[in-house]
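Biologist: I would like to go through this structure with you slowly, one contact at a time. Could you put it on the screen before we begin?

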Amino acid sequence: MKATAKAHPIQGLVKYHGMRDEQLRLPYHDSISVCTAPSHTKTTVEFDPDLDSDTFVVGGERLADHEADRVANVVARVRELADADHVENPVRLESENSFPSNVGLGSSSSGFAAAAMALAEAADLDLSRPEISTIARRGSSSAARAVTGGFSDLHAGLNDEDCRSERLDSPLEDDLRIVAGLVPAYKETEHAHREAADSHMFEARLAHIHDQLAEMRDALREGDFQRVFETAEHDSLSLAATTMTGPSGWVYWKPDTLEIFDAVRDLREEGVPVYFSTDTGASVYVNTTAEHVERVEEVVSECGVETMVWEVGGPAEVLPENEALF
C-alpha cells in the first residue's frame with residue numbers, strides 16, 4: 001500500500017505543443033525527448049484508511065486547485081485500473097525535486113512519472129513502463145517519456161493503446177553531456193498549450209513536424225550527434241515562434257537566454273560540437289560531448305548563469321523502502 005519511485009526530467013528534442021484533449025493529455029503529434037540525470041524527482045505514496053481525503057504535497061507545499069486536479073487525474077486512472085480494494089482508501093503523496101522547478105527544466109515530466117510509477121506499485125498493478133506511461137500522461141504528456149527514460153518517443157493517438165511512450169535505442173546515450181544554463185523565470189506552460197492552435201504558425205508547425213520526427217529517429221539510431229542536436233535546436237526555434245504568435249504572445253526567453261545562444265554559436269565556429277535547446281522556459285540546455293563538456297560549461301558560466309552538467313537518465317524506477325519520504 002506504500003511505494004516510492006524516482007524519475008528523471010526530460011529535455012524535449014522534438015517537442016509537442018498543444019493538446020487535442022486536455023483531460024486525457026492527448027497531443028496533436030508525436031514527440032521525442034531525452035531524460036537528464038542525475039536530476040530527479042522522488043515521490044512516495046501510500047493508500048491510508050486513516051486519512052480523511054487525498055493529500056498531495058510537492059516540495060513541502062500542499063497542492064490545490066488546478067495542480068491538485070492534475071495529480072488527482074493520475075490517481076483516478078490508477079484506481080480505475082486496480083483490482084485491489086485498498087486503492088479506494090485516501091492516498092497521501094509527497095514529492096521533492098533535486099533541481100529547480102518551474103523554470104523550463106522539465107519538473108512536471110519527472111514529477112508525474114515518479115507519481116505514476118509509485119502509485120502503480122502501491123496499487124499492485126503489474127504493468128510495463130509503456131503502460132505506466134499512459135498513466136503518467138494523465139498529468140503531463142512529457143511525463144510519459146520520463147517513464148520510459150533515455151531517448152523516448154511519445155506516439156500521438158486517441159487512446160492509451162496508441163498514445164504511449166517507447167524508448168529509442170541510440171549509441172549517443174553514453175557520450176552526450178548536457179550543460180543546463182539556469183535562467184530563472186516563472187513560466188505558464190499550460191496556458192501556452194491551450195493557445196497553441198490559435199497561433200497562425202501552428203498549422204505551419206504541424207506541416208513540418210513529421211519530417212522533423214523522422215529525421216530525429218533516424219539520426220538517433222545512427223548516432224549522428226550533429227543531426228540530432230541541429231534538429232533539436234531548430235525545433236526550439238519553431239516552438240518559440242508558435243508560442244510567441246499565440247493570443248497572449250508568450251515570450252519566454254530572457255537576455256541571458258539569448259547570450260547563451262550566441263555563446264553556443266561562437267563555440268561552433270571554433271569547431272566545438274555544441275547546440276542549444278529550450279522548452280517552454282528561459283533556461284537553456286546546451287548539448288555537447290564528454291570530450292568538450294568542460295570547455296562548454298566554462299563558456300556558459302561566463303554568461304553569468306548557474307550551470308549544471310547532466311548525462312542521459314534511465315527510466316522511472318521503484319526505490320527500496322528505506323528511501324521513502326515519509
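Modeller: Before we start, a residue is called buried if its relative accessible area is under 20%, exposed if that area is over 50%, and partly exposed in between. Please also keep in mind that this is a predicted model.

Biologist: Is Phe261 buried or exposed?

Modeller: The cut-off for a buried residue is under 20% relative accessible area. Phe261 has a relative accessibility of 5%, which lies under that cut-off, and therefore Phe261 counts as buried.

Biologist: In the aromatic pair of Phe261 and Phe276, are the rings stacked or edge-to-face?

Modeller: A pair of aromatic rings is described by the distance of the centres and the angle of the planes. For Phe261 and Phe276 the centres are 3.9 Å apart and the angle between the planes is 15°. Planes under 30 degrees apart count as stacked, so this aromatic pair is stacked.

Biologist: And how are the rings of Tyr28 and Phe202 arranged, stacked or edge-to-face?

Modeller: Among the six aromatic pairs in the structure, Tyr28 and Phe202 form one with 5.2 Å from centre to centre and 70° between the planes. Tyr28 belongs to the loop between β4 (26-27) and β5 (31-37), while Phe202 belongs to helix α6 (residues 202-222), so that the pair links parts of the chain 174 residues apart. Since planes over 60 degrees apart count as edge-to-face, the arrangement of this pair is edge-to-face.

Biologist: Which of these two residues, Tyr28 or Phe202, is buried?

Modeller: Tyr28 has a relative accessible area of 28%, and is therefore partly exposed. The relative accessible area of Phe202 is 2%, so the buried residue is Phe202.

Biologist: Turning to charged side chains, how many residues apart in sequence are the parts that Lys15 and Asp235 tie together?

Modeller: The side chains of Lys15 and Asp235 meet in a salt bridge of 3.2 Å, N to O. Lys15 lies in the loop between β2 (10-14) and β3 (19-21), whereas Asp235 lies in helix α7 (residues 225-244), so the parts that this pair ties together are 220 residues apart.

Biologist: Finally, how much space lies in the largest cavity?

Modeller: A search of the whole structure finds two cavities of 30 Å³ or more. The largest cavity is lined by 13 residues, and those closest to its centre are Ala240, Thr243, Tyr252, Trp253 and Asp279. The space in the largest cavity is about 80 Å³.

Terms used: Residues are numbered from 1 along each chain as its sequence is written. Side-chain values use heavy atoms; hydrogens and water are left out. Rings of Phe, Tyr and Trp (its six-membered ring) pair if their centres lie within 6.5 Å; planes under 30 degrees apart count as stacked, over 60 as edge-to-face and the rest as tilted. Helices (H or I, at least four residues) and strands (E, at least two) are DSSP runs, numbered from the N terminus. Buried means under 20% relative accessible area, exposed over 50%, partly exposed in between (1.4 Å probe, protein chains only). On a 1 Å grid over the protein atoms alone, a cavity is a set of points where a 1.4 Å probe fits but cannot get out, and a pocket is an open set with protein on both sides within 12 Å along at least five of seven lines; lining residues have an atom within 4 Å of a point. Grid points are joined across faces, edges and corners, and a volume is the space filled by probe spheres set on the points. A salt bridge is a side-chain nitrogen of Lys or Arg within 4 Å of a carboxyl oxygen of Asp or Glu.
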